[in-house]
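Got your viewer open? Let's take a short walk through this one, stopping first at some helices and then at a ligand.

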Amino acid sequence: MAAHLRLVNVVKRFGAAVAVDGVSLEIEEGCFFTLLGPSGCGKTTLLRVVAGFHTPDAGDVFLRDRRITHLPPHARGTAMVFQEYALFPHMTVAENVGYGLRMRRVPPARARDRVARVLELVGLLGHEAKYPHQLSGGQQQRVALARALVVEPEVLLLDEPLSNLDAKLRLRVRDELRELQRRLGQTTVYVTHDQEEALALSDRVAVLNHGRVLQVGTPEDVYRNPASRFVAEFVGLANFVPAEVVAPGRVRAGGVELHVDGLQGASGRRVVLAVRPEEVRVRQEPVDGKPNVLRGRVRSATFLGAVRRVTVEAAGLVWIVDVRADEPLAPQAEVSLELPAERLRVVEEERTDDQRGGGRS
Ligand SMILES: Nc1ncnc2c1ncn2[C@@H]1O[C@H](COP(=O)(O)OP(=O)(O)OP(=O)(O)O)[C@@H](O)[C@H]1O
Ligand SMILES: [Mg+2]
């Protein structure tokens, strides 16, 4: 199937700075697609190129087979929700939502119907006559969403639309947004720097850094099989273990030998392995005769509600491990760490002799 939205080698520079550095992406119809990356990595710039607010220096944007690279925003079939909502303060909710329809010269009677329909969709019926300052943050966010949906865009573009909401409201609006997107089958490109949001919302995630796409995949794929150290570190928490390959499937790390499923390569090769805090198993009793078990000592234990996050010193490294919150692990406790061979993955060929390792906090 042809992609609904396709970016081909898009480059956008500001002076000498390259904000988007050769991005190619294919987004299927009905997909909730997220651009995830740290501040300044080019997410907004890329979204603006798609929306038509920036002209790329190179590359193209296609909607189905139509090249839209140089069309003005209103002629593309896209609609963008800006991070700061950008509602018109002097217009009512109904006027804000109907604005795009007036611009497109939709007859007033039909426009009124469509405004009413999207206001119902986003749960704002009854608020038509209010002004933005009379609404809560979450309601304003939904007005901004309604204003984009009302023009029935082929592709909806959302730039960090939840970042102004408090934690609780953010979760609720996030779920509503996902539910609405599914119900409408609305192709959506969503921008966030929040990895949890990206994992929770998306069908597919593209991880960006320095204007480049580092990895594209389902949330599980990106989380379980990060293609690089940056992705492993940015999407979730990971322990990084510098190691040396001693044979296919085996490495030496911190003075012990570990089995690593699927590991290829010549012995002597230096690599960095990653393992997630919840993938490491902790036991209080010694475990004998099993591979990939390290004896260690708990350094700290932090109660986080659903889990207890402990740091453990073992094999000369410091490990971050998540255990059940009711697990009675206190500092100084002696424990065994079991590292599943199928969960250790190579995320980097080591470039330095830096032998510090273990987790990042
Ligand atoms: N209009 C502009 N003029 C000059 N430089 C710009 C402009 N817009 C963005 N940049 C630069 O391009 C780079 C990418 O910016 P962009 O806004 O796309 O990042 P972002 O990923 O959206 O970041 P954030 O998460 O902070 O919103 C940054 O270095 C930024 O300073
Ligand atoms: Mg931005």
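Before you pick anything, a word on what the angles mean: helix axes here are lines fitted to C-alpha atoms over the stretch in contact, and angles run from 0 to 180 degrees between N-to-C directions. Also keep in mind that this is a predicted model.

**Stop one: helix 2 with helix 3**

Select residues 108-121, which form helix 3, and show helix 2 along with them. Their axes come within 9 Å, and the crossing angle is roughly 120 degrees. Parallel, perpendicular or oblique: what do you call that? Angles of 65 to 115 degrees count as roughly perpendicular and those over 145 as roughly antiparallel, so helix 2 and helix 3 are oblique to each other. Turn the view until you look through the pair, and you have a right-handed crossing.

**Stop two: helix 2 with helix 4**

Keep helix 2 (residues 93-103) on screen and add helix 4, residues 137-149. Here the axes come within 7 Å and cross at roughly 30 degrees. The cut-off for roughly parallel is under 35 degrees, so helix 2 counts as roughly parallel to helix 4. The handedness of this crossing is right-handed.

**Stop three: helix 4 with helix 5**

Now hide helix 2 and bring in residues 167-184, helix 5. How far apart are the axes of helix 4 and helix 5? They are 11 Å apart, and the two helices pack at an angle of about 20 degrees. That angle makes helix 4 roughly parallel to helix 5, and they pass in a right-handed crossing.

**Stop four: the ligand**

Clear the selection and show ligand 1 with its surroundings: Phe14, Ala19, Pro38, Ser39, Gly40, Cys41, Gly42, Lys43, Thr44, Thr45 and Glu160. Colour that shell by class and you get four nonpolar, five polar and two charged residues. Which helix gives the largest share of the shell? Helix 1 (residues 43-51) does, with three residues.

Next, turn on distances to the oxygen atoms of ligand 1. Threonine 45 puts a polar side-chain atom 2.5 Å from one oxygen atom of ligand 1. For lysine 43, a polar side-chain atom sits 2.7 Å from a ligand 1 oxygen. Cysteine 41 brings a backbone N or O atom instead, 3.2 Å from an oxygen atom of ligand 1. Finally, put a surface on ligand 1: taken alone it exposes 640 Å², and the protein buries 56% of that.

Key: Residues numbered from 1 in each chain as written. Chains lettered and ligands numbered in written order. Predicted model: local features only at pLDDT ≥ 70, side-chain atom pairs only at ≥ 80, totals over all residues. Heavy atoms only, no water. Near = heavy atom within 4 Å. Polar contact = N/O pair within 3.5 Å; in protein donor to acceptor, adjacent residues only side chain to side chain. Areas by Shrake-Rupley, 256 points an atom, 1.4 Å probe, with all protein chains shown as cover. Helix = DSSP H or I, 4+ residues; strand = E, 2+ residues; numbered from the N terminus. Nonpolar A, V, L, I, M, F, W, Y, C, P; charged D, E, K, R; others polar. Left-handed = near helix turned anticlockwise from the far one by under 90°.
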